[in-house]
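Here's a quick briefing to read with the structure open beside you. Take a look at it first, then work through the topics below.

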Amino acid sequence: MTPFQTETGTVLTIDRANIDTDQIIPARFLRKPRSAGYQNFLFHDLRANEPAFPLNAPGADRCTVLLAGENFGCGSSREGAVYALVDAGFRCVIAPSFGDIFASNAGKNGLLTITRPEADMARLRHLPQDPTITIDLPAQTLILADGTTVSFAVDAFRKRCLLEGLDDIGLTLEYSDDIAAWQDQDRLHRPWAMPG
Amino acid sequence: MQKPRTLLEKLWDSHAIVTRPDGTTLLWIDRHFVHEGSFHGFGMLDHAGRPLARPDLTLAVADHYVPSHARDIPIADPEVSGIIATLGRNAQRHGIELIGMDDPRQGIVHVVGPEQGLTLPGLTMVCGDSHTSTHGAFGALAFGIGASEVSHVLATQSLWQRRPKTMRIAINGILPPEITAKDVILTIIGRIGAAGAVGHAIEYAGSAIGALSMEGRMTICNMSIEAGGRAGMVAPDDTTFQFLAGRPRAPRDFDAAVAAWRELPSDEDAMFDRSISLDAADIPPTVTWGTSPETAISVAARVPDPDRESDAERRRGMAEQLAYMGLRPGTALDGLRVERVFIGSCTNGRLADLRAAAAVLRGRRASVPGLVVAGSAAVKRAAEAEGLDRVFTDAGLAWGEAGCSMCVGMNGDLVAPGERCASTSNRNFPGRQGPGARTHLMSPAMAAAAALRGHITDVRTLA
Ligand code: SF4
């Protein structure tokens, strides 16, 4: 995945609670291979049904930071929701809260999720004229166009994977001996856990 | 003496391979179910040129895309037939047991796992599907994962996780007659909200949960994700063990297994991060009005009025949901016309669910079209042996082959744009049952009652 260091991008705001992954990418597109261009499916039905949907605005296709509402990415575990955002160029989503599985999927694809309380969200929603924002991941800081900053927390392991573009599986295989030893003792202690 | 532990903590401790200083744990995974949609995960594994770690702990089931009718003729949509064939190819290449479309054990993966006795207390279970929480009904730690995690489990049979917080939801007392597990979980979600349990594993407890059948417990755990929960679970007890005894893949030394499982329930003094309780007697027949499961209200209630909501953001959200659903504030749910009914899904596609719907429909005619789809081929056979299929078809409803069907419409079973559907599934999101579809979630008995009257109605008023 693409390493994430410091990104400067334009903010797109979709200020609605409970945007589920069915809305981020409708189910009928999930059978498509990644090469089909998942950006074409991003918020597909919302864009089709609502001319005023934020992603339909001129210039919205250049935005790379999404400011979202509460419980963004709830619902289905489909990683296609993250592919659609990433393929459309998004590098970061900022929201008051996320669906757990969505946030986990995002981290594995180099999409940074930042959780901020409502007070910070309100500041971000009322950005000065210039809706660009800089995300400094090493310093865990958002820098607004007027120079003011908002700091954010990020899981240490997730941060390292994002900074270095690391592959989880490669890291886990460094623990192969531990996994093998665990299986050996487990066979003795839980013979019932094997499929009968 | 050891510190008292919750069911979640016991499951966690018994599967932790290593824990890093930052608190993330490499968890051993006992069962991994894959379905047609898992092709991205296989693709990543192949791309990295990695072998599958434990094919013997992996099971492939065709459910999301399988047609509900005419399985003997080729599937017209090449993408749909292709994705089902890909599952078979991936299973064969990696030596995974496959329950394909024509297998007598076929069905929705969350119905098949318990039915086969592959779902057991004390296990960790994952699947690239958020309703994997269903299996928690047996006292397993079961949760949905995305495609990258699917490939990680395929390659290592383990997963890095942070331990969720614990939340105990007690349903005390006795459920009133005709009130089902679906009403219980819809009421819970209505109470705590769609994000109410984010970051938490829910343990359902209390006398009303203990009195439920395994099917009812599965219905409740299934929808934990609709409250944002990472997992849902119920402590295993004699009901659990009786359900599992004699299942095809249950442990051969069943008594030894039961002895181990009896150690799993939360210790008496175990602490939960959060606790809430509800009185079973207060739970009404429950129906959703909007496009989030958190809009669950009593069938006797009226669609709420955004003008009475003080929070501006919530007010706007309510107005959007009303517009999508084609509803006016203050409309009584009881009496709201529906154009279609769907009875099935991993929430309510088991035999007890079909019996409950058939009990309402027996000897009567539905006044709207509808589709009844068993959660598995085994459920379908059992229902047919009891004559339930005749009850449905005599009522004018279609009787389909087992699978996900109109819960998500991937196989082409869609609700038409603008159509209002009474559905026993788990999600009423915009477009979930098809673009523009309007879904009202409810129990099988309530959906059957809606089919009869052609409008949402309190099943208890049907003589
Ligand atoms: S029945 Fe519906 S919710 Fe359940 S696994 Fe199938 S698509 Fe998902």
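**Chain B: around strand 3**

In chain B, strand 3 runs parallel to strand 4 (residues 58-61), and three bridges join the two. Keep in mind that this is a predicted model. From here the tour stays with strand 3 of chain B, then moves to the ligand, and ends with a strand in chain A.

Neighbours of strand 3 of chain B:

- Across in strand 4 of chain B, Leu59(B) is the residue standing opposite Phe33(B).
- Getting from one of these strands to the other involves helix 2 (residues 39-47) of chain B: strand 3, that helix and strand 4 of chain B make up a β-α-β unit, and it's right-handed.
- Strand 3 of chain B also pairs with strand 6 (residues 124-127) of chain B, again in the parallel sense and over three bridges.
- In that pairing, Arg31(B) has Met125(B) of strand 6 of chain B as its bridge partner.

Side chains of strand 3 of chain B:

- Strand 3 of chain B spans residues 31-34 and is covered on both faces.
- Arg31(B) and Phe33(B) sit on one side, His32(B) and Val34(B) on the other, and all of them are buried.

**The ligand site**

- Which cavity does the ligand take up? The space it fills is the largest cavity.
- Histidines around the ligand are His64(B), His110(B) and His131(B), and the cysteines there are Cys346(B), Cys404(B) and Cys407(B).
- The rest of the surroundings are Ile108(B), Asp129(B), Ser345(B), Val408(B), Asn426(B) and Arg432(B).
- Sorted by class, that shell comes out as five nonpolar, five polar and two charged residues.

**Chain A: around strand 3**

Side chains of strand 3 of chain A:

- Strand 3 of chain A (residues 92-95) sends Cys92(A) and Ile94(A) one way and Val93(A) and Ala95(A) the other.
- Buried or exposed? All of these residues are buried.

Neighbours of strand 3 of chain A:

- Strand 2 (residues 65-68) of chain A pairs with strand 3 of chain A over three bridges, in the parallel sense.
- Within that pair, Ile94(A) of strand 3 has Leu67(A) opposite it.
- The chain gets from strand 2 to strand 3 of chain A by way of helix 3 (residues 80-87) of chain A, in a right-handed β-α-β crossover.
- Strand 4 (residues 112-115) of chain A pairs with strand 3 of chain A too, parallel and over four bridges.
- Ile94(A) turns up here as well, with Ile114(A) of strand 4 of chain A as its bridge partner.
- Strand 3, helix 4 (residues 100-107) and strand 4 of chain A form a right-handed β-α-β unit.

Definitions and conventions: Residues numbered from 1 in each chain as written. Chains lettered and ligands numbered in written order. Predicted model: local features only at pLDDT ≥ 70, side-chain atom pairs only at ≥ 80, totals over all residues. Heavy atoms only, no water. Near = heavy atom within 4 Å. 1 Å grid on protein atoms, 1.4 Å probe; cavity = no way out; pocket = protein on both sides within 12 Å on 5 of 7 lines; lining within 4 Å. Sits in = over half its atoms within 2 Å of the grid points. Nonpolar A, V, L, I, M, F, W, Y, C, P; charged D, E, K, R; others polar. Buried < 20%, exposed > 50% of the residue type's maximum accessible area, 1.4 Å probe, protein only. Pairing = 2+ DSSP bridges. Right-handed = clockwise from strand over helix to strand, strands pointing away.
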